[in-house]
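Here are some notes for a colleague who is opening this structure for the first time. Please keep the sequence and the model in view while reading the points below.

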Amino acid sequence: MPASTMEELVALAKRRGFIFQSSEIYGGLQGMYDYGPLGVELKNNLKAAWWRAMVYERDDVEGLDAAILTLPTTLRYSGHEATFTDPLVDCRNCKARWRADHLTDAKCPGCGSTDLTEPRDFNLMFKTSVGPVDDGTSFAYLRPETAQAIFTNFKNVLDSTSRRPPFGIAQIGKAFRNEITPRNFIFRVREFEQMELEFFVPPGDDEGWHEHWVEARLDWWEAQGVPRSSLELYHVPADELAHYSKATVDVMYRFPHGVEELEGIANRTDFDLGSHTKNQDELNISAKVTNNTHSNARLAVQDLQNKTWQVPYVIEPSAGVDRGVLAVLNEAYRVEQLDNGGERTVLAFKPHLAPIKVAVLPLKKNHDGIVARAKEIKQNLQKLGLGRILYENTGNIGKGYRRHDEVGTPLCVTVDFQTIEDDDTVTVRDRDTMAQERVSVEALADYVRARLAD
Ligand code: GAP
């Protein structure tokens with residue numbers, strides 16, 4: 001069963017070096033987390049799995065890695081300056097601030113007072129000054145979504161790759177939101193990562209592609225160990241849609257604190273490309289919001305036959321990396337009763353997500369022959385390019401197995417006297433079944449490759 005409480009996950013994440021509170025030694029910075037030695041591996045593996053599925057395994061998607069600091073003009077025409085807000089209330093009694101839509105019974109969650117101000121809009125974008133003079137005129141925003149740079153680079157990518165819709169641009173990167181009430185561990189934070197695809201399609205084909213992407217994303221989450229039975233689809237009602245969306249389907253996950261959004265899949269129409277385009281009146285844009293007097297680009301595609309210009313529609317699957325890490329951790333977590341009366345904690349990650357793929361353990365800590373052979377085996381396995389292979393010499397194999405169960409290492413390889421003196425075999429121990437098997441060193445690479453394929 002997945003973890004029943006967030007506390008168990010937070011404790012394991014800290015104890016084993018997955019996730020730490022940011023600036024903890026100074027009391028912590030609210031809404032920020034740091035990924036430790038195993039957390040960075042898990043997060044990188046999740047991002048790599050997304051990139052593989054979205055870019056490498058398709059032939060209609062290109063990648064991008066754009067700047068985080070964003071020109072205010074971009075975020076003015078995208079609509080974020082005017083509308084990227086949450087409703088905020090102040091408690092007059094204890095002075096705490098809350099998101100109005102997160103309150104129950106109009107009561108302050110801190111002190112219980114009902115003496116609250118009227119809700120007012122609070123813009124969630126962080127600003128920073130650019131250049132040596134901080135006079136307030138030269139500033140940039142830390143992007144609140146990675147998507148906007150995909151739109152502003154649309155023409156660059158189109159011209160440099162000769163793509164035509166349907167095609168997509170994928171990006172993984174940091175986004176920042178000055179959340180009023182960050183909470184639930186890494187679920188709602190102020191600095192996080194997104195994995196976003198903007199998939200450009202001819203107008204009229206958008207609804208079919210929207211359905212395609214909802215299914216494709218559910219399949220992908222399943223391949224990460226998050227089964228459909230833990231997911232729900234939420235068709236966002238019209239009055240809750242973001243300012244750019246014609247239709248949004250949220251993929252909701254059963255997090256330890258409740259069912260909440262893991263990924264949003266939106267039909268952004270021609271809103272963004274249209275908004276960033278000059279001379280919009282020359283184009284047939286359905287979602288024109290404002291006349292753009294700053295842009296020098298026409299973010300459109302020319303029909304080669306009749307020479308008319310068309311602004312593509314956009315389907316956007318947008319997933320949170322941190323929420324993904326939390327979902328994957330939660331699904332992988334289990335506490336098992338053992339036959340000897342004890343128990344063990346296991347993170348049963350899919351092998352491609354496991355932070356450490358194989359741990360190589362010498363049976364005797366100070367035995368030169370065993371240690372040298374174990375190091376050699378580690379180096380040879382490392383060369384397979386499967387991810388991190390760890391050589392670990394503590395001399396306590398039983399404890400090593402328990403620790404590697406708890407961090408989700410699929411295989412442990414123990415090097416012993418039989419390896420060096422007898423038949424050059426090692427013991428391979430399986431995380432999930434705890435079964436042990438002798439495997440010849442010669443056959444080990446193929447064996448490990450096969451066992452780690454998921
Ligand atoms: N470009 C579209 C967009 O940004 P969103 O629904 O606001 O849409 C997409 O965000 C995803 O980013 C969410 O589904 C969630 O996984 C993640 N996300 C958004 N805000 C977050 C926050 N404060 N902390 C962690 N993840 C967040």
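Which residues in α2 meet which residues in α9?

1. In this predicted model, the α2 side of the contact is formed by L42, K43, L46 and K47, and these meet V321, D322, G324, V325, V328 and L329 in α9. By residue type, the contact of α2 with α9 divides into six nonpolar, one polar and three charged residues.

2. As for the geometry of this pair, α2 and helix α9 (residues 321-332) pack with their axes 10 Å apart and at an angle of about 110 degrees. An angle from 65 to 115 degrees counts as roughly perpendicular, and α2 and α9 are therefore described as roughly perpendicular to each other.

3. Turning to the interior, the largest nonpolar core has 57 residues, and those with the most contacts inside it are F18, I19, V325 and F349. Helix α2 (residues 37-56) gives the most to this core, contributing eight residues, while domain 1 (42-80 + 127-329) and domain 3 (356-452) each supply at least three.

4. For F18, when its neighbours within four places in sequence are left aside, the residues in contact with it include L38 and L42, as well as L347, F349, P355 and V407. A second, separate core has 21 residues, among them F200, I285, A297 and L299.

5. On the overall layout, the chain is divided into domain 1 (42-80 + 127-329), domain 2 (85-123) and domain 3 (356-452). The C-alpha centres of domain 2 and domain 3 lie 55 Å apart.

Note on methods: Residues are numbered from 1 along each chain as its sequence is written. This is a predicted model: local features need pLDDT of at least 70, side-chain atom pairs count only at pLDDT 80 or more; totals for chains, interfaces and linings use all residues. Side-chain values use heavy atoms; hydrogens and water are left out. Domain bounds come from an automatic or database domain assignment. A nonpolar core is a set of buried Ala, Val, Leu, Ile, Met, Phe, Trp, Tyr and Cys residues joined through side-chain atoms within 4.5 Å. Buried means under 20% relative accessible area, exposed over 50%, partly exposed in between (1.4 Å probe, protein chains only). Helices (H or I, at least four residues) and strands (E, at least two) are DSSP runs, numbered from the N terminus. Contact means heavy atoms within 4.5 Å. Axes are lines fitted to C-alpha atoms, for helices over the stretch in contact, and angles run from 0 to 180 degrees between N-to-C directions. Angles under 35 degrees count as roughly parallel, over 145 as roughly antiparallel, 65 to 115 as roughly perpendicular and the rest as oblique. Ala, Val, Leu, Ile, Met, Phe, Trp, Tyr, Cys and Pro count as nonpolar, Asp, Glu, Lys and Arg as charged, and the others, Gly among them, as polar.
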